[in-house]
Amino acid sequence: MSAADAQIRAWKRPPLIGNPWLRWGLYIGGLVYLVAAIATLDVNWTRVVEGLSQGLRFLEGFLVPDFTTRSRDIWRGMEESLTMTVTATIVGCLLSIPIGLGAARNIAPLPVYAVCRAVIAVSRAFQEIILAILFVAMFGFGPFAGFLTLSFATIGFMAKLLAEDIEDINEAQAEAIRATGATWWQVVNYGIQPQVMPRLVGLSLYRLDINFRESAVIGIVGAGGIGATLNTAMQRYDYDTASAILIMIIVIVLAAEYVSSHLRKWVQ
Amino acid sequence: MRAMLRVSSLSKRYKTGDEALNGVSFDVPAGQVVGLIGPSGSGKSTLIRCINRLVKPTSGHVSLNETDIMRLGRGALRRARRRMGMIFQEYALVERLTVMENVLSGRLGYVSFWRSFFRRFPQGDVDKAFMLLDRVGLTEQADKRASALSGGQRQRVGIARALEQDPQLLLVDEPTASLDPKTARQIMRLICEICRERNLPAIVSLHDVVLAKMFVDRIIGLRAGVIVFDGAPSGLNTAMLTEIYGEEDWTQIHDGTDDEPTQDAALDTHAREERMAGLT
């Protein structure tokens with residue numbers, strides 16, 4: 001082709017949806033729906049103004065946190081929450097290992113896989129609050145119900161991520177171990193565990209701080225811990241005590257975050 | 001010589017319908033290093049994996065020292081696998097384990113789960129592992145993670161792991177695929193030396209025809225799952241390379257061996273021994 005024959009050939013990235021009618025239809029439809037949806041929100045402005053002033057009182061209370069008046073309740077709540085968090089994380093993570101192994105399609109036979117995936121699905125289908133309500137109904141108020149809730153929720157979370165991690169391993173390393181005549185357990189121990197261990201540890205630490213935050217939430221439905229203390233404080237309009245509790249939760253979450261990021265780096 | 005490995009009419013069809021191997025038969029006597037060449041997708045990896053049943057063949061037989069590998073149950077298959085050392089493309093070391101753990105993993109077929117779990121291998125296994133690390137020149141690196149080594153070093157660990165099994169056969173899948181030309185030659189030389197020392201038969205799949213001709217005793221050429229060449233490296237001429245890989249300019253590869261039809265096999269062997277000794 002000589003230079004004179006060369007045409008200017010325009011290029012544009014091909015659109016995700018080829019049909020222009022469908023494409024523009026979806027864009028416009030989406031916009032119309034958004035406008036309509038916002039229009040249906042019925043905002044009571046006088047109530048909003050009232051809420052703002054109430055919020056201000058709230059804020060005033062929070063600016064002067066009171067750690068002392070109800071320190072006994074706060075410490076008991078914290079202790080319950082931390083105990084619940086640590087025990088539930090340990091138990092949940094330990095139980096999630098066999099379930100995660102069973103839920104990895106590349107190493108588990110189909111029936112085992114189906115059962116383990118079902119356990120994970122059930123655990124993940126229920127939000128912690130719903131689980132807490134169920135366990136409180138079964139075992140009564142208090143941290144034991146909270147412990148069960150968090151353990152069960154941890155299983156769903158950890159086992160799913162562990163299984164997915166196992167499915168994503170470098171198969172060649174596991175194959176090489178299998179080729180030495182290793183048993184299934186040895187293949188798991190030598191070919192798979194080293195590959196998933198850093199993430200498993202990282203996720204356990206991450207789950208530890210999720211569980212701590214959740215322990216504050218599930219206390220509200222009666223599963224014990226700092227959440228129960230917080231709930232009581234709010235109901236009594238003890239905003240200064242509530243503020244003290246929130247500050248402690250924030251500090252503990254930040255501390256856990258800091259420690260776990262260091263631990264993770266060290267494990268890697 | 002007695003055939004140690006006998007492969008007869010081996011076929012493999014994958015679930016996708018791809019016919020990876022179609023009636024492959026050959027024998028390998030003790031101490032022979034066989035180079036397996038062929039284009040990508042010709043079934044080299046499948047053939048190697050069918051021998052230790054990492055891939056289950058559709059039909060055919062494989063026997064090692066009169067043991068029919070195809071009929072074995074799970075436990076017996078594991079015991080057969082530990083007699084077949086395997087060396088992989090891209091090394092396939094467990095990256096996060098130490099060099100020593102990688103080498104000792106060659107003993108997994110011999111020790112109980114708990115022993116291997118607590119890394120309490122019998123002293124004999126540890127001695128052997130140190131001896132092998134000495135042999136491949138990595139004694140200093142024993143406690144480093146495999147991921148900290150260079151490509152050539154990793155493949156040496158791969159070789160040590162395979163030998164730790166006390167194998168009766170080496171299966172080697174593209175050992176030099178990701179190595180530079182010099183390291184590739186060193187690794188091939190090491191593999192071939194070890195096979196000579198121990199009178200080990202080996203099947204080595206290779207992309208690099210020049211490398212194959214330099215080091216192996218015999219070449220099997222695969223195309224689309226069928227053996228189209230089986231003979232001495234010197235017999236691999238332009239016509240045969242075209243048969244295996246298709247039309248291309250092959251004159252550089254076979255060094256004009258076609259022009260010397262009188263070249264005798266002894267000379268060929270001699271030249272190869274010289275290369276093995278690292279003289280060229």
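In chain A of this predicted model, 37% of the 268 residues count as buried. The chain holds 10 helices and 0 strands, and its elements, read from the N terminus on, run α-α-α-α-α-α-α-α-α-α. The radius of gyration of chain A is 26 Å, well over the 18 Å that the globule rule gives for 268 residues, so the chain is more spread out than a compact globule. Taken along the principal axes, the box filled by the C-alpha atoms of chain A is roughly 85 × 60 × 35 Å. Among contacts in chain A between residues at least 6 apart in sequence, 70% join residues at least 24 apart.

Chain B is divided into two parts. Domain 1 covers 1-81 + 169-180 + 203-280, while domain 2 covers 84-166. Where these domains touch, domain 1 of chain B gives 16 residues to the contact and domain 2 of chain B gives 12 residues. On the side of domain 1 that touches domain 2, helix 2 and strand 7 (169-173) of chain B each supply at least two residues. Strand 7 of chain B gives the most to that side, with 5 residues.

Chain B also touches chain A. This contact takes 22 residues from chain B and 18 residues from chain A. Helix 2 (74-81) and helix 4 (113-117) of chain B each supply at least two residues of the side that touches chain A. Helix 2 of chain B thus has residues on the side facing chain A and also on the side of domain 1 that touches domain 2.

The table sets out the residue classes on the two sides.

| Side | Nonpolar | Polar | Charged |
|---|---|---|---|
| Chain B, touching chain A | 9 residues | 6 residues | 7 residues |
| Domain 1 of chain B, touching domain 2 of chain B | 9 residues | 2 residues | 5 residues |

The confidence scores complete the account. The model scores ipTM 0.85 and pTM 0.81. Chain B averages a pLDDT of 87, and 89% of its residues score at least 70. Over residues 256-265 of chain B, however, pLDDT stays under 50. For this stretch of chain B the model has 8 contacts beyond four places in sequence. Where pLDDT is low, the predicted coordinates should not be read in detail.

Conventions. Residues are numbered from 1 along each chain as its sequence is written. Chains are lettered from A and ligands numbered from 1 in the order in which they are written. This is a predicted model: local features need pLDDT of at least 70, side-chain atom pairs count only at pLDDT 80 or more; totals for chains, interfaces and linings use all residues. Two residues are in contact if their C-beta atoms, placed from the backbone, lie within 7 Å. Helices (H or I, at least four residues) and strands (E, at least two) are DSSP runs, numbered from the N terminus. Ala, Val, Leu, Ile, Met, Phe, Trp, Tyr, Cys and Pro count as nonpolar, Asp, Glu, Lys and Arg as charged, and the others, Gly among them, as polar. Domain bounds come from an automatic or database domain assignment. The radius of gyration is taken over C-alpha atoms; the globule rule is 2.2 Å times the number of residues to the power 0.38. A residue is buried if 20 or more other C-beta atoms lie within 10 Å of its own, exposed if 12 or fewer, and partly exposed in between; C-beta atoms are placed from the backbone. pLDDT is the predictor's confidence in each residue, from 0 to 100.
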